[in-house]
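Subject: A structure for you to look at

Hi,

Here is the structure I promised to pass on. Have a look at it first, then read my notes below.

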Amino acid sequence: MAQKKEFRITTPRGSVFTSADANGSVTAKIEWAPGFAQRKAESFSKAQRLYMAWTHGNESNRAAGRK
């Protein structure tokens, strides 16, 4: 019988790995690195704040007749 191999790809974001059950079905799973979700959420929040500041600034300029 062939040996079952586990494949794992690891990055700073986390790992993707395979696992096989008793019937031979193979499933790929994602395991996020600790703290990744929090760092990503903070990054998205910062981008949202910058976007809001930029769009609000542009609206103020248009209202005042500036380009």
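What share of the residues in the chain is buried? Buried residues make up 9% of the 67 in the chain. Keep in mind that this is a predicted model.

Let's start with the layout. The chain has three strands and one helix, and from the N terminus the order of the elements is β-β-β-α. Strand 2 covers residues 14-20 and runs antiparallel to strand 3, with seven bridges joining the two. If you want to find one of those bridges on screen, look for Gly-14, whose bridge partner in strand 3 is Trp-32. Strands 2 and 3 form a hairpin with five residues between the strands, and in that hairpin Gly-24 takes a positive phi near 95°.

Now click along strand 3, residues 26-32. How many of its seven residues are buried? The count is zero, so this strand is hardly covered, with buried meaning under 20% relative accessible area. Two of its residues show you what that looks like. Ile-30 sits in strand 3 and is exposed, with a relative accessible area of 55%. Trp-32 is exposed as well, at 54%. Both of them belong to a nonpolar patch on the surface, made up of Ile-9, Val-16, Ile-30 and Trp-32, with about 440 Å² of accessible area together.

Next, the rings. Searching the whole structure turns up one aromatic pair. It consists of Trp-32 and Phe-36: the ring centres are 5.0 Å apart and the planes are at 10°, so the pair counts as stacked. The two partners are covered quite unlike each other, since Trp-32 is exposed at 54%, whereas Phe-36 counts as buried at 13% relative accessibility.

Charges come next. As a bit of background, side chains of opposite charge can pair when their charged atoms come close. Which residue forms a salt bridge with Arg-8? The partner is Glu-31, and the closest N and O atoms are 3.8 Å apart. This pair links distant parts of the chain, with Arg-8 in strand 1 (residues 8-11) and Glu-31 in strand 3, 23 residues apart. A search of the whole structure finds one salt bridge, so with a cut-off of 4 Å between the nitrogen and the oxygen, this pair is the one that counts. Both ends are partly exposed: Arg-8 has a relative accessible area of 41%, and Glu-31 comes out at 42%.

Arg-8 has another contact that you can look up. Its charge lies over the face of Phe-17, at 4.5 Å from the ring centre. There is also a lysine placed like this: Lys-40 lies over the face of Phe-44, at 5.8 Å from the ring centre.

One last spot to visit is Lys-5, in the segment before strand 1. Is Lys-5 buried or exposed? At 63% relative accessibility, Lys-5 counts as exposed. Lys-5 and Thr-18 are 13 residues apart in sequence, and their C-alpha atoms are 8.5 Å apart in space.

If you have time for just two stops, I'd pick Trp-32, which is in the stacked pair with Phe-36 and in the nonpolar patch, and Arg-8, which forms the salt bridge with Glu-31 and lies over the ring of Phe-17.

Have fun with it!

Key:
Residues numbered from 1 in each chain as written. Predicted model: local features only at pLDDT ≥ 70, side-chain atom pairs only at ≥ 80, totals over all residues. Heavy atoms only, no water. Buried < 20%, exposed > 50% of the residue type's maximum accessible area, 1.4 Å probe, protein only. Helix = DSSP H or I, 4+ residues; strand = E, 2+ residues; numbered from the N terminus. Pairing = 2+ DSSP bridges. Phe/Tyr/Trp six-rings, centres within 6.5 Å; stacked < 30°, edge-to-face > 60°. Lys NZ or Arg CZ within 6 Å of the ring centre and 35° of its normal. Salt bridge = Lys/Arg side-chain N within 4 Å of Asp/Glu carboxyl O. Patch = residues over 30% accessible without salt bridge, like charges linked within 9 Å, V, L, I, M, F, W, Y side chains within 5 Å. Areas by Shrake-Rupley, 256 points an atom, 1.4 Å probe, with all protein chains shown as cover.
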